[in-house]
There are 2 protein chains.
Amino acid sequence: MQLDGVGIVTPQQFSFDMGGEGFVLESGDRLPDITVQYETYGELAPNRDNGILVFHAFSGDAHAAGYHTPEDRRPGWWDELIGPGRAFDTNRYFVICSNVLGGCRGTTGPGSIDPETNRPWGLSFPLVTIADMVRVQKELIAHLGIDRLYAVAGGSMGGMQALEWAVRFPSMVERCIVIAATSRLSAQGIAFNAVGRNAIMSDPNWNRGNYYDGEVPSRGLAVARMIGHITYLSSESMRAKFGRRMQNGDGPVRAFDDQFAVESYLEYQGEKFVEHFDANTYIYLSKAMDHYDLAGEWDGFENAFRDVQASFLVLSYSSDWLFTTEQSKEIVYALARAGKEVSFNEINSPYGHDSFLLEYSLQSELISAFLQGSRGR
Amino acid sequence: MQLDGVGIVTPQQFSFDMGGEGFVLESGDRLPDITVQYETYGELAPNRDNGILVFHAFSGDAHAAGYHTPEDRRPGWWDELIGPGRAFDTNRYFVICSNVLGGCRGTTGPGSIDPETNRPWGLSFPLVTIADMVRVQKELIAHLGIDRLYAVAGGSMGGMQALEWAVRFPSMVERCIVIAATSRLSAQGIAFNAVGRNAIMSDPNWNRGNYYDGEVPSRGLAVARMIGHITYLSSESMRAKFGRRMQNGDGPVRAFDDQFAVESYLEYQGEKFVEHFDANTYIYLSKAMDHYDLAGEWDGFENAFRDVQASFLVLSYSSDWLFTTEQSKEIVYALARAGKEVSFNEINSPYGHDSFLLEYSLQSELISAFLQGSRGR
């Protein structure tokens with residue numbers, strides 16, 4: 001098998017405990033120690049100025065590019081954008097991606113062991129915020145010997161982290177790429193997340209988060225994923241992909257269990273998802289997204305963006321109804337009013353919110369050009 | 001208490017068994033007998049030419065107007081449109097509304113007793129279609145001595161029934177009012193229904209529909225309702241009504257159980273819903289909606305509409321993203337191509353699909369004018 005792109009990559013872990021005092025979260029709660037799962041692609045330049053931190057979305061992980069083994073059927077989730085000659089060109093840049101705090105893919109989260117009790121945290125895990133995720137990533141960056149990032153970039157929840165990096169650590173970020181994201185979810189976005197959480201919590205196996213030594217709430221988590229999945233697609237792409245086709249041939253419907261193709265597809269997506277995702281992580285990360293509100297936290301965009309040094313590239317997708325172009329523009333206008341450098345593009349795409357994981361031609365060109373542009377024109 | 005409108009109304013029931021042979025459904029299955037819950041408002045004219053049949057939507061019932069007792073806090077679901085001097089003017093018209101076949105509000109459905117087993121039907125209840133609902137209503141109309149309806153009218157699933165009446169019994173319908181409806185659900189619409197069904201079926205209490213002598217699948221049904229509820233509102237109306245408000249005061253979120261106002265609202269809607277709705281009815285009626293496809297069934301709109309005698313009023317709502325204006329226009333254009341009389345209005349409203357139950361000023365005027373217009377201009 002010929003592996004193009006970055007080839008085989010090895011997952012890495014970094015643990016820290018802040019000198020035994022624990023890591024203080026935005027809530028005031030402490031985590032005694034934190035482990036971060038991460039991957040890197042390309043080489044860090046001798047002067048350490050070519051680091052790019054990319055952030056995964058809600059259900060993603062640290063595996064952004066390449067293959068873990070030659071047998072892997074699929075590369076990392078942003079492989080089309082990360083590699084030699086690609087938008088995040090690993091011949092030039094040192095690309096880093098880590099699983100977020102609260103996650104379930106190697107980084108400390110509610111399914112991790114609480115060292116005090118020697119049992120999984122479950123709901124005793126503290127609430128985490130987008131800011132907490134970013135502050136943990138800063139420890140990772142320091143560990144890698146980087147004190148200023150060439151760029152930060154992410155889509156959806158990853159875009160929230162990119163935004164938070166540029167605002168929270170203004171002198172550490174030169175370029176910030178915010179894709180299919182928002183500085184705060186709409187009421188409708190919160191509502192969909194809330195129903196997903198409710199589906200999980202309604203599963204008797206959830207047991208108020210205490211299921212790690214028994215049956216997991218897989219039915220509730222599958223329903224949550226199905227809801228999410230609808231919001232990631234567009235009505236248009238669902239029509240094109242499934243229309244009103246039945247799963248098992250056409251003709252009049254007679255049996256109770258006959259399904260539409262879209263119905264079978266969603267069930268399959270739900271079932272596949274529960275194999276590698278933790279239900280409590282679903283709850284914690286969706287709450288982190290819901291509570292993220294940049295302007296609210298800083299008492300206005302003006303205060304939030306005042307010290308920002310990064311130049312911005314903001315991208316939205318025409319058919320994204322979950323994180324709309326209007327929400328992207330809200331960020332863009334606020335940056336412009338604050339006198340910051342910002343480029344904005346709405347990319348025409350039928351794939352809805354998922355476009356940032358599917359529509360690469362223009363996205364790739366725009367990111368590539370933005371990264372190669374000089375700063376401080 | 002002063003009761004305006006139609007005042008106190010008494011629910012009625014009509015049962016029939018087709019001479020002991022049972023009622024043959026579209027599927028070929030038979031129901032040995034059928035009971036229909038219905039209400040009427042106004043007086044049938046001596047020549048029986050003033051009957052208007054109105055149809056409820058997915059979660060509605062036969063109680064379209066007035067109060068059952070003087071203590072009722074709320075009148076029927078379309079009370080603003082039905083009454084003396086209202087759009088469906090009970091001084092002129094005899095208005096009839098019945099609970100649909102497959103329902104759980106008095107008409108035979110999966111929770112009714114199967115006379116052969118003397119136990120609730122559950123999943124042994126046959127699949128029902130929009131056409132089956134309409135054919136049962138025809139028996140009711142005959143029972144009331146009416147052989148030609150002044151008008152049929154309904155919103156959402158009720159609009160599907162109105163459409164089906166005009167097509168299936170062309171000589172019996174003079175005017176047809178189709179509101180916030182479609183001749184076939186989009187893939188996205190099917191997807192939302194499918195996830196709702198999945199939430200119900202994932203509740204262990206569902207027990208493959210066999211729960212009538214035990215705990216009902218109330219958690220799953222509540223989640224299904226929450227999903228549905230989001231699709232009935234618009235992003236705009238959710239922002240206006242809830243925004244990002246927290247349920248219990250503002251300030252930083254600290255506790256796991258803190259909720260957004262929209263989250264509490266949806267939970268409340270879900271919990272309230274399960275008190276009066278049967279989970280199996282949710283499944284059967286949502287399948288009936290999913291499977292409805294007028295053009296598919298008739299091999300094209302041209303065939304479907306060829307013999308139609310009714311004149312049509314089609315209304316859509318600008319912010320309805322579940323049953324879109326585009327879907328209404330599909331019906332309108334097909335009727336126009338078939339040479340039928342059709343008026344169409346897209347009403348500007350921020351309330352999404354629920355507008356047909358909320359936005360009455362223009363809706364009322366348009367319906368009133370349409371009903372008073374002469375036929376065959």
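Two residues count as being in contact here if their C-beta atoms, placed from the backbone, lie within 7 Å. Helices (H or I, at least four residues) and strands (E, at least two) are DSSP runs, numbered from the N terminus. A bit of housekeeping: residues are numbered from 1 along each chain as its sequence is written, while chains are lettered from A and ligands numbered from 1 in the order in which they are written. The model is predicted, so to speak of a local feature takes pLDDT of at least 70 and side-chain atom pairs count only at pLDDT 80 or more, whereas totals for chains, interfaces and linings use all residues.

**View 1. Helix H1 on the sheet of chain A.** H1(A), residues 130–143, lies across E1, strand E4 (34–41), strand E5 (51–55) and strand E8 (94–98) of chain A. The helix runs at about 60 degrees to E4(A); axes are lines fitted to C-alpha atoms, for helices over the stretch in contact, and angles run from 0 to 180 degrees between N-to-C directions. The sheet itself is open, has eight strands with mixed pairing, and follows the order E1-E4-E8-E5-E11-E12-E13-E14 (chain A). Its edge strands are E1 (12–16) and E14 (342–347) of chain A, each pairing on one side only. On average, neighbouring strands are turned by 20 degrees against each other, direction ignored.

**View 2. Strands E12 and E13 of chain A.** Strand E12 (residues 175–179) and strand E13 (residues 311–317) of chain A pair in the parallel sense over five bridges. Two strands pair if DSSP finds at least two bridges between them. Look for A:Cys176, whose bridge partner in E13(A) is A:Phe312.

**View 3. Around A:Val128.** This residue sits in the loop between strand E10 (119–120) and helix H1 (130–143) of chain A. A:Val128 is buried, with 26 other C-beta atoms within 10 Å (buried takes 20 or more such atoms, exposed 12 or fewer, partly exposed falls in between, and the C-beta atoms are placed from the backbone). Leaving out residues up to four places away in sequence, A:Val128 touches A:Leu25, A:Leu101, A:Gly102, A:Met133, A:Tyr284 and A:Ala288.

**View 4. The E14 end of the sheet in chain B.** Six bridges join strand E13 (residues 311–317) of chain B to E14(B), and the two run parallel. In E14(B), B:Val342 is the bridge partner of B:Phe312, and B:Ser343 is that of B:Leu313. Together with helix H10 (residues 325–337) of chain B, E13(B) and E14(B) make a right-handed β-α-β unit. Right-handed means that, with the strands pointing away from the viewer, the path from the first strand over the helix to the second runs clockwise.

**View 5. Where the chains meet.** The contact takes 39 residues from chain B and 39 residues from chain A. On the chain B side, H3(B) gives the largest share, nine residues. That side divides into 21 nonpolar, nine polar and nine charged residues (Ala, Val, Leu, Ile, Met, Phe, Trp, Tyr, Cys and Pro count as nonpolar, Asp, Glu, Lys and Arg as charged, and the others, Gly among them, as polar). Of the interface residues of chain B, 100% are also interface residues in chain A, so the copies meet through the same surface.

**View 6. How the copies are related.** A turn of 180 degrees and a shift of 0.0 Å along the axis lay chain B on chain A with an RMSD of 0.0 Å. That is the relation of a two-fold axis. The copies are superposed by least squares on the C-alpha atoms of residues with pLDDT of at least 70 in both.
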